[in-house]
Amino acid sequence: MNQLYCGDNLTVLRGCINDESADFIYLDPPFNSQATYNVLFRSTAGEQSRAQIEAFEDTWIWGDEAELAFDGVMTSGNINAAEMLRSMRVFLKETDMMAYLSMMAVRLLELRRVLKPTGSIYLHCDPTASHYLKILMDAIFGGDCCLNEIIWKRTHSHGNVARNYGSINDNILFYCKSQNHVWNQLYTPFTAGYIAEKFTGKDPDGRRYQNVTLRNPGVRPNLRYPYTASNGVTYQPHPNGWSCDIKRMQKYDNENRLHYPAKPGGQLRLKLYLDEQPGIRLQNIWEDIPALNSQAQERLGYPTQKPLALMERILSASSNEGDIVLDPFCGCGTTVHAAQKLRREWIGIDITHLAISLIEKRLKDAFPGIKYEVHGTPKDLEGARDLASRDKYQFQWWAVSLVNAVPFAGKKKGADSGIDGLIYFKPEGKTTEKAIVSVKGGENVNVAMVRDLAHVVDREKAKIGVFITLADSTGPMRTEAIKAGYYETLYGKYPKIQILTIQELFEGKQPNIPLVDTSAFKKAPKESKGDQDALPFS
């Protein structure tokens, strides 16, 4: 089942995901930065500030796409959703917020369709739009299916607060599709202070306990009986009655679980032993999972990346082993990583080839031997041509990933024209050098392009240039590459300019570069679960 889809999640949901096929859904749709997100890659050559690439923009603008999304909700057949979104438009007009809500509403309708009756959905957002999204969720899933609004403390105090309170939390809206949803109760450990305050009793062997009432919270005449305990004293019930019948009371007594009052006439109570208590039931304010800081081992440099521990908690509470987990905005793949680690099956969707490439690398690093399918990325020359004709930047990011290069510069190249990727390598095992990757997706390539790459290699003080072309290379191009000469090391010579076609990359050919420094990519730690083949449901 494990599937990665590259494409618009609305298209993928409608065309590829069956009704009531997902056990669990998590989504973290981007909103509110009003800025371009950049993916930062580690550079061992002192170029971290430049080694970045535009991932996506979350500036939402009302236009044709938003209007189509709005119309899709109006004609969806879900009257509650249509009426709610129409009312929002009356209030918000054709604003950026309305564009965002329209785009979200049509997708939330599809997510409800694919969710099983026993499933849950978690929508992660910040307070800017959470109130509008909650109203939409009420309309689409039903107000009685709203289980919680979880408050996650994502950061510490901000120092730039002026005339308002610091905003340090995200909101996670937790909805079910029916009251028969999967639920696994989670607990947080008792604090030392709580233990000292509540678990004040000790048995002779040092076992700590808390004594609690045996009084029935309601009036139960059938549970009013005198009880003669093993200490020979007869205890009378509260007027409400005991909380259990006499058979259970005798069981407690036989197991030394009754706490006898110190004074005559006191109430008989029940011992709750500390070593048998799982902790405090998890509440809806989460302060114990910190956001990822710049030094976190799991941090991959992707914008909005959430901690793995956060996703593991959510998945543990609302899904079981073997369940199908869906994330339609999967970004750098934290949800699918957590699902794989917890032995769930998964479906991840993202609109950028960059994200899909990062997720693939993350999964292979963390789970060696993992098996999954990727859809929406080119599988042959025809698919590569189609991608290049539709979006040259997506094509470049995809092509760069074929040679394990770090994407560079993004859509705003400026003075860095001619560099689409960087490959870091250590020719003698110590000093890090770099190769420049240039990608050409057009049907016409010529010798001048090879000559330009050679100039870029010299300008950037790189050692090797890799020219990736969709079209076939020509004889003069190959001659020009040979004329550039060789990069010589103690261990051999390497062509300074190397030309590779997309077809050759499909066939498994790779650049001839010594000791590639894969640490230039931020590497996900290997998980102990290992190969997915070991999983019972794979």
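Helices and strands here are DSSP runs, with at least four residues for a helix and at least two for a strand, numbered from the N terminus. Keep that in mind for the loops below. What you're looking at is a predicted model, and the protein in it has 15 helices and 26 strands.

Start with the overall picture. The protein has 538 residues, and buried ones make up 50% of them. On the outside, the protein exposes about 25,800 Å², with carbon and sulfur atoms supplying 49% of that area. As for how the chain meets itself, take the contacts between residues at least 6 apart in sequence: 69% of these join residues at least 24 apart.

Now zoom in on two loops, each with a backbone angle worth a look. Go to the stretch between helix H9 (334-341) and strand S18 (345-350), and you'll find Arg343 in that loop. Its phi is near 65°, a positive value in a residue other than glycine. Is Arg343 buried or exposed? Arg343 has a relative accessible area of 19%, and the cut-off for buried is under 20%, so Arg343 counts as buried.

The other loop runs between helix H7 (246-254) and strand S13 (258-259), and this is where Asn256 sits. Asn256 isn't a glycine either, yet its phi is positive, near 60°. What about its accessibility? Asn256 comes in at 41% relative accessibility. That value falls between the 20% limit for buried and the 50% limit for exposed, so Asn256 is classed as partly exposed.

Put the pair side by side: Arg343 is buried, while Asn256 is partly exposed.

Notes
Residues numbered from 1 in each chain as written. Predicted model: local features only at pLDDT ≥ 70, side-chain atom pairs only at ≥ 80, totals over all residues. Heavy atoms only, no water. Buried < 20%, exposed > 50% of the residue type's maximum accessible area, 1.4 Å probe, protein only. Contact = heavy atoms within 4.5 Å. Areas by Shrake-Rupley, 256 points an atom, 1.4 Å probe, with all protein chains shown as cover.
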